[in-house]
Amino acid sequence: MEKVSHVKVFGGYHQQFTHYSNTLNCTMRFAIFLPPNASASKPVPVIYWLSGLTCTDENFMQKAGALRKAAELGVAIVAPDTSPRGDDVANDDGYDLGQGAGFYVNATQAPWSSHYQMYDYVVKELPQLIESNFPVNDKRAITGHSMGGHGALTIGLNNQSRYQSISAFSPISNPSECPWGVKAFSHYLGGDKAAWLTYDACHLLAREKATLPILVDQGDADNFLAEQLMPERLQRAAQQHGSALELRMREGYDHSYYFIASFIDEHISFHYKCLQK
């Protein structure tokens, strides 16, 4: 790893690192916040944050206002980039496909499959790297926004033994049935829609009961609400088997980081309680 930046904040440290990813076959960057109580003798749990379309590791750390509460409670936060990057990495002119839009899947179709393995990167390689190099333990929670909310839900639901809790802001709840998801999945995964369902939170919740608590916040003034996000479908799917999903519709809030900043402390506190179990 190579350290890119290092700043002290709320008694802890925010750092950025680059490293070569064998999973993604390119150099990746991530950000980590370590609270002031983190030490080799007292490793802390980790909340993994997955960002949305066009974002990098920086958006959440700089805009969400999450670090004060994380420092207070003593939890680390790790924010990876949203896709592989580089001149040799396949891309697209649209903001919703290619670099900055990895959708947290393992691509199976050329030219994407040689680099776009974000699911395995988030589930396997990145936690191994974090837990081997920083004073953290193996207690993990996962959360995210929009495309990252989709990633948090699907990764958490598919790997419930690896996480203590799941949350999301404005997630793409039913990507196999919305324009963003259909475009991305068609390119990354091909035309067989059965292969898409592993990465669709509504399908996963309809298939079986989730064992983890799930918290979702959604603004009712979100421009993407009806066409792309469809939280009501997520709620219906969770009700089929009695999964512990709390969906909170927030009056007047949109899709922006102002919305995330308004409720991020509640999400960090939610995860902290689950991480103590």
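This report covers the aromatic ring pairs of a predicted model.

**Ring pairs**

The structure holds 17 aromatic pairs. Two of them are set out here.

The rings of W49 and F169 have planes at 50°, so this pair is tilted. Their centres lie 6.1 Å apart. The pair links distant parts of the chain, with the two positions 120 residues apart. W49 belongs to strand β4 (residues 44–50), and F169 belongs to strand β7 (residues 166–169). W49 is buried, at 0% relative accessible area. F169 is buried too, at 0%.

W180 and F224 form another tilted pair, because their planes meet at 45°. A plane angle counts as tilted when it is neither under 30 degrees nor over 60. The ring centres of W180 and F224 are 4.8 Å apart. This pair also links distant parts of the chain, 44 residues apart. W180 sits in helix α5 (residues 179–189). F224 sits in the loop between β8 (214–219) and α7 (225–229). Burial differs within the pair: W180 counts as buried at 4% relative accessibility, whereas F224 is partly exposed at 30%.

| Pair | Centre distance | Plane angle |
|---|---|---|
| W49 and F169 | 6.1 Å | 50° |
| W180 and F224 | 4.8 Å | 45° |

**Cluster and charge**

W49 and F169 also belong to a wider group. Ring pairs join them with F60, Y253, F259 and F263 into a cluster. One cluster member, F263, has a charged neighbour: R250 lies over the face of the F263 ring, 3.9 Å from its centre.

Conventions:
Residues numbered from 1 in each chain as written. Predicted model: local features only at pLDDT ≥ 70, side-chain atom pairs only at ≥ 80, totals over all residues. Heavy atoms only, no water. Phe/Tyr/Trp six-rings, centres within 6.5 Å; stacked < 30°, edge-to-face > 60°. Helix = DSSP H or I, 4+ residues; strand = E, 2+ residues; numbered from the N terminus. Buried < 20%, exposed > 50% of the residue type's maximum accessible area, 1.4 Å probe, protein only. Lys NZ or Arg CZ within 6 Å of the ring centre and 35° of its normal.
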